[in-house]
Amino acid sequence: NIARHPASMVEELKGVVHGLEGEKRALEGQKAAAEAEVSLLTSQVALSQEATITVESDLRCSLAAQQDSKTAFDSELAALRGERDALSASLLEVRGERDALR
């Protein structure tokens, strides 16, 4: 039977080869799409990492500025307390002098 129809078998094999070539092209297209997606995701990860670094840097700067502000506030508060204590002492002194004059 094979000897009688070699041409039909050749055509059938050509069809199989053509189908396999089509599948190969489809797989190559899928591979290219997957590689493009990986490239896109890699870029997105890099951008996300850069954004994270920027946010962390901004937060550190903000925290440092807040700490500087707190230090300045604490210094000013200590100075005001010192002035208050000095005024209280002066007031006591003036009251003492007043009471002595009575």
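User: Let's start with Arg84: is Arg84 buried, partly exposed or exposed?

Analyst: Happy to begin there, keeping in mind that this is a predicted model. The general idea is to place the relative accessible area between two cut-offs: under 20% is buried, over 50% is exposed, and the range in between is partly exposed. Arg84 has a relative accessibility of 49%, so Arg84 counts as partly exposed.

User: Which residue does Arg84 form a salt bridge with?

Analyst: To read a salt bridge, look for a side-chain nitrogen of Lys or Arg within 4 Å of a carboxyl oxygen of Asp or Glu. Here the partner of Arg84 is Asp85, with 3.3 Å between the closest N and O atoms. Asp85 has 43% relative accessibility and therefore counts as partly exposed.

User: How many salt bridges does the structure hold?

Analyst: There are five. Among them is the pair Asp99 and Arg98, whose closest N and O atoms lie 3.4 Å apart. Asp99 is partly exposed because its relative accessibility is 43%, and Arg98, at 42%, is partly exposed too. Another of the five joins the side chains of Glu11 and Lys14, at 3.7 Å from N to O.

User: How many residues apart are Glu11 and Lys14, and where do they lie?

Analyst: For a pair like this, check the sequence spacing along with the element that holds both residues. Glu11 and Lys14 are three residues apart in helix 1, which is about one turn of the helix.

User: What does the secondary structure of the protein come to?

Analyst: One helix and zero strands. Helix 1 covers residues 6-101, and Glu12 is one of the residues in it. Glu12 has a relative accessibility of 57%, so this residue counts as exposed. Arg102, by contrast, sits in the segment after helix 1; its relative accessible area is 72%, so Arg102 is exposed as well.

User: How far apart in space are Glu12 and Lys70?

Analyst: A good habit is to set sequence separation beside the C-alpha distance. Glu12 and Lys70 are separated by 58 residues in sequence and by 85 Å in space. For Arg102 and Ala86, the values are 16 residues and 25 Å.

User: What radius of gyration does the protein have, and what would a compact globule of 102 residues have?

Analyst: The way to read this value is against a reference for the chain length. The protein has 43 Å, whereas a compact globule of 102 residues would be near 13 Å. The box along the principal axes adds to the picture: the C-alpha atoms fill roughly 145 × 15 × 10 Å.

User: What share of the residues is buried?

Analyst: Buried residues account for 0% of the 102. The accessible surface is about 9,100 Å², and carbon and sulfur atoms contribute 62% of that area.

User: And how far apart are the mean positions of the positive and negative charges?

Analyst: Here you average the positions of each sign and compare the two points. With 12 positive and 18 negative charges, the mean positions are 4 Å apart.

Definitions and conventions
Residues are numbered from 1 along each chain as its sequence is written. This is a predicted model: local features need pLDDT of at least 70, side-chain atom pairs count only at pLDDT 80 or more; totals for chains, interfaces and linings use all residues. Side-chain values use heavy atoms; hydrogens and water are left out. Helices (H or I, at least four residues) and strands (E, at least two) are DSSP runs, numbered from the N terminus. The radius of gyration is taken over C-alpha atoms; the globule rule is 2.2 Å times the number of residues to the power 0.38. Buried means under 20% relative accessible area, exposed over 50%, partly exposed in between (1.4 Å probe, protein chains only). Accessible areas come from the Shrake-Rupley method with a 1.4 Å probe; for residues, only the protein chains shown count as cover. Lys and Arg count as positive and Asp and Glu as negative; His and the chain ends are not counted. The place of a charge is taken as NZ of Lys, CZ of Arg, CG of Asp or CD of Glu.
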